[in-house]
Amino acid sequence: MCLAIPAQIVSIAGDFAKVDIRGNFRETNVSLIENPQVGEFVLLHAGFAIERVDAELAKEIEELEGME
């Protein structure tokens, strides 16, 4: 089973982005996302943003994972 955590992109520098995971910030690789933008939500797995998601889906995932 693969666990992916939703996060919001705060800033981008090259292939790396600072993301917000419910108030916790970390750097992650965004090279797998085409044209990532500040403010977008992505799913993180093993240090990589693997998929772009909308805010509604990000919230649903947080609720399912008990993160809300």
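In this report, a helix is a DSSP run of at least four residues, and helices and strands are numbered from the N terminus. With that in hand, let us look around the structure, which is a predicted model.

**Salt bridges**

Side chains of opposite charge can pair when their charged atoms come close. How many salt bridges does a search of the whole structure find? The search finds three, and here they are side by side.

| Pair | Closest N to O distance |
|---|---|
| Arg22 and Glu62 | 3.5 Å |
| Arg52 and Glu40 | 2.9 Å |
| Lys59 and Glu63 | 3.4 Å |

Begin with Lys59 and Glu63, whose side chains meet in a salt bridge. These two residues sit four apart in helix α1, so about one helical turn separates them. Lys59 has a relative accessible area of 46% and is partly exposed. Glu63 is partly exposed too, at 41% relative accessibility.

Now follow helix α1, residues 55-64, to Glu62. Its partner in a salt bridge is Arg22. Arg22 lies in the loop between β2 (16-21) and β3, so this pair ties together parts of the chain that are 40 residues apart in sequence. Are the two partners buried or exposed? Glu62 counts as buried because its relative accessibility is 14%, and the cut-off for buried is under 20%. Arg22, with a relative accessible area of 44%, is partly exposed.

The remaining pair in the table is Arg52 with Glu40, at 2.9 Å from N to O. It links distant parts of the chain: Arg52 belongs to strand β5 (residues 48-53), while Glu40 is in the loop between β3 and β4, twelve residues away. Arg52 is partly exposed, with 35% relative accessibility.

**The hairpin of β4 and β5**

Strands β4 and β5 run antiparallel and are joined by five bridges. His45 stands opposite Phe48, which is in β5. Two residues lie between the strands of this hairpin, and Ala46 takes a positive phi near 55° there. As you look along the strands, remember that in a regular strand the side chains alternate between the two faces of the sheet.

**Leu32 and a nonpolar patch**

Where is Leu32? You will find Leu32 in the loop between β3 and β4 (41-45). Leu32 counts as exposed because its relative accessibility is 55%, and the cut-off for exposed is over 50%. Together with Phe48 and Ile50, Leu32 makes a nonpolar surface patch of about 270 Å². Setting aside residues up to four places away in sequence, Leu32 touches Phe48, Ala49 and Ile50. Asp20 is twelve residues from Leu32 along the chain, and their C-alpha atoms are separated by 18 Å.

**Asn29 in strand β3**

Asn29 is found in strand β3, which covers residues 24-29. With 12% relative accessibility, Asn29 counts as buried. Which side chain makes a polar contact with the side chain of Asn29? The partner is Ser31, at 2.6 Å. Beyond its neighbours within four places in sequence, Asn29 is in contact with Asp15, Phe16, Gly47, Phe48 and Ala49.

Phe48 makes a good landmark for finding your way around. Phe48 is opposite His45, is among the contacts of Asn29, and takes part in the nonpolar patch with Leu32 and Ile50.

Technical notes
Residues numbered from 1 in each chain as written. Predicted model: local features only at pLDDT ≥ 70, side-chain atom pairs only at ≥ 80, totals over all residues. Heavy atoms only, no water. Buried < 20%, exposed > 50% of the residue type's maximum accessible area, 1.4 Å probe, protein only. Polar contact = N/O pair within 3.5 Å; in protein donor to acceptor, adjacent residues only side chain to side chain. Contact = heavy atoms within 4.5 Å. Patch = residues over 30% accessible without salt bridge, like charges linked within 9 Å, V, L, I, M, F, W, Y side chains within 5 Å. Areas by Shrake-Rupley, 256 points an atom, 1.4 Å probe, with all protein chains shown as cover. Salt bridge = Lys/Arg side-chain N within 4 Å of Asp/Glu carboxyl O. Pairing = 2+ DSSP bridges.
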